[in-house]
Amino acid sequence: MADKFLYETLDSASELGFLKRGIPDYLKDNLNSRFELRPYQEEAFGRFFHCLDNDFPGKDWPLHFLFNMATGSGKTLIMAGLILYLYEKGYRNFLFFVNSTNIIEKTKDNFLNPLSAKFLFSENIRFGARRVQVTPVANFEGVNQNDINICFTTIQKLHSDLTAEKENAITYEDFKDKKIVLLSDEAHHINVSTKSDKDFEELNWEGTVQRIFEQNEDNLLLEFTATLDYGHKNIVGKYKNKVLYRYDLRQFRNDGYSKDVYIVQADFEERDRIIQALILSQYKQEVAAKHRINLKPVILFKAQRTIAQSQENKANFHKLLDNIRASDIEQIRKKSDIDLVNRAFRFFHENNITHAQLAARLKAEFDQSRCISVNEEKEKENQQILLNSLEDRDNGIRAIFAVQKLNEGWDVLNLFDIVRCYTTRDSKAGKPGKTTIAEAQLIGRGARYFPFVTNEHNDRFKRKYDNDLSDEMRVLEELHYHSINDSRYISELRTALIEKGMMDEREVTKKLKLKDSFRATNFYKHGLIYLNAKVPKDYKYVRSFADMGVTRRNYEHTIASGRGSFDAILAENGKVGKVAESGRKDIKLKDIENNIIYNAIAKHPFFTFKSIQRYFPHVSSVRAFIESKEYLGGLEITFQGNSSALSNRAKLNAMSGLLNQIETEMRKNITQYQGTEKFQPGDISYIFHDKEIKLLQGSERADGDEQFVNNKGWYVFSANYGTSEEKAFVRMLDRQMDTLKNRYDGIYLIRNEKHFKIYSFSDGQAFEPDFVLFLREKNGNILTYQIFIEPKGKHLKEYDKWKEDFLNEIKEKFKGKTIEFKTQRKTQKYRLVGVPFYNNEDENEFKQSLYEAIGN
């Protein structure tokens, strides 16, 4: 532990499966359902839960942890989740502080305003049957102990209030005898004493925070930052046993949660660079509109140093737009040799958008009323609502003019272009200067992913086209930084972006092509692949609680009588004295007054009539839900305690507990979707096509194994950019060719480079099998086996067990069944097969399973 950061130890524990990743229902249910938790956020919660409840070397009280997580990774959502978790643990008072008024106002809106598009909590926060309010407070004196009380302040104001007495301001007295959770955002600004090699001083920010923190041993200090200086020895010393999670921008980007950054460099005058940027911005809007995605891409025009420069940029911009003509658009088309720009013009041509129409649209879209300047602090405050709601449908802003004011604390998803309105550079000895580093930071903020879904891709928060860079929609996953074509500056900027994690120098693009020989086959031209679909879950099969996994027919409720006793455990003779057992009484729900049951259901947000009809479609009314033996009418409650005269309050509390128990059991079995059991045909020639994919140089996937697959007629692509396990499978199959060719005359193995998905029957979870193997029999039946195959390393078999179970379900469901597809020319017959995972070490087992599945 001495040589490792805490997060490194937790990394190892997580990889070995020692960390529980279960998120309590009350936490998930009380967050806004619009924000689905991502795997790395669940990981962050799991690490906190583990370290809060378990000892580890260096653990010290009061507890202090730091989350080092990338810009855009949803740190504020994690804060909201931690607040809910700690509320359940007994904490009621939360102090949120940061260095910027802008971030305070934004966070208040996210925590307190249900009408905000970024509101983090569910509209009704409930713990059991109790509704809980989130209340902003100036201090913690006289607060409601049932509420989540949050004091929002800047670190500057917090320091000032505590060092200079003011009326109604927060004081150190507020923190005595109270458990406080301190939430520090952009926490790297706090380390004044640590960085200066001084002891903590009460007269600086860090000393103020430390004094508050140490008021109570039960306090918690939770820091959040995307920036932690791991090269500073004092920072390392302070945080070695406090960093729970390091999920930096590089990892965030490589996991697909950000836009990809591209530098658009052109030998143009500034005027033409701006027009080119406008054309690309409009291209993105038109592509989104074609695919029915509501997107209004924003451009930022960045001045170098002064507000006067930014004001001049804005004035020149409006003059340009006032006079823009079709001829200006045509000039860019002729002069630009950038592939992205050429693709944009091809799109305009194919969709009948003329240069004159494009010029008119740019004039309208970038009218003065749709452009704002954000430079002075007052100006920034006046525009705050517009800046924090750029993605909203009723926010028309398309262009922002700024110098430095937006580099930190700005959340925007639909920034797609940044135009550098200057040509100077400030590097020294070939290293990026302060301006270039600030530009890289700004690019990092703009690279937040704009979420959208398509028919083929349901994960709205991740990039979808890394494995198909030529797809029309790919442009919606890119941030374009427009600059002059200065090789030295571009090199310096690339260096800064690589250091920030926004670019990866190891990245390469590879072309994946179908072989010409395969394109010439009848199978490519007329063959089919059968796939299922993802549809909303159908609960028509549910006719009882048992069908939804609710197996307990009895609920125990302890009556709080308020009475007690004081007796010796040992009698005088040394024997254990008898302990009186409180009474028990079983009452069937049909014997509880209907008005009490109706009241309990009305107070429970899960059991609305709409919800009852959704999960129990055969229930015709709330009354039927209450009286039917298959539902509430078949249950009973055991009252523990003095049950001789049960009050209506006791019965209501017991009913609420019973409903909570039923909800908990149901949620374990509720899914929103399912995969259809019917598989529909799709044309091979449509599903499989050439692609350009992105890989890491030197990785096992970057080697396409071209020499091996080149002369294999049954392998349809020109390369195999798979894992080592996938490559081993292809070699194994090659060794089976002589046997297979005795029975089959059409053998085609196709690697699934995100060409298709199939969906789990039970919950609709998407699965992309690595390969599909087609085997056409020789015997004249024209029967083709379609076999889904998934090579898997042993270390992943347990984690992906659901996939193997799904493959087995396919095998069982279609065993001996033939699907026929009839045309005027002929009838094609297919048989669907799923086989267990292939593993190189268990090759013989796989071969046996494969041959058994196809009847050899």
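Two strands count as paired if DSSP finds at least two bridges between them, and with that in mind you can begin the tour of this predicted model at one of its sheets.

Select strands 19, 20 and 21, and you will see an open sheet of 3 strands in the order 19-21-20, with mixed pairing. Strand 19 (554–558) and strand 20 (584–588) stand at the edges, and because each has a single partner strand, one side of each is left without a neighbour in the sheet. As you look along the sheet, the twist from one strand to the next averages 25 degrees.

Now keep strand 19 and strand 21 (residues 636–640) in view: these two run parallel and are joined by 5 bridges. Within this pair, pick out T558, which stands opposite Q640 in strand 21.

Next, add helix 25, which packs on the sheet by touching strand 19 and strand 21, its direction making about 135 degrees with that of strand 19. The helix covers residues 648–667, and its 20 residues reach 28 Å from the first C-alpha to the last, close to the 28 Å expected at 1.5 Å a residue. Of these 20 residues, 14 are buried, so helix 25 is largely enclosed by the rest of the structure.

For the last stop, select D260, which lies in strand 10 (residues 260–266). D260 has a relative accessible area of 1%, so it counts as buried, the cut-off being under 20%. Show its side chain, and you will find a polar contact of 3.1 Å with the side chain of R253, as well as a polar contact of 2.2 Å with the side chain of K694. Among the other residues that D260 touches are R463, D466 and R474.

Definitions and conventions
Residues numbered from 1 in each chain as written. Predicted model: local features only at pLDDT ≥ 70, side-chain atom pairs only at ≥ 80, totals over all residues. Heavy atoms only, no water. Helix = DSSP H or I, 4+ residues; strand = E, 2+ residues; numbered from the N terminus. Buried < 20%, exposed > 50% of the residue type's maximum accessible area, 1.4 Å probe, protein only. Contact = heavy atoms within 4.5 Å. Polar contact = N/O pair within 3.5 Å; in protein donor to acceptor, adjacent residues only side chain to side chain. Expected span 1.5 Å × (residues − 1). Axes fitted to C-alpha atoms, helices over the stretch in contact; angles between N-to-C directions. Lists of a residue's contacts leave out its neighbours within four places in sequence.
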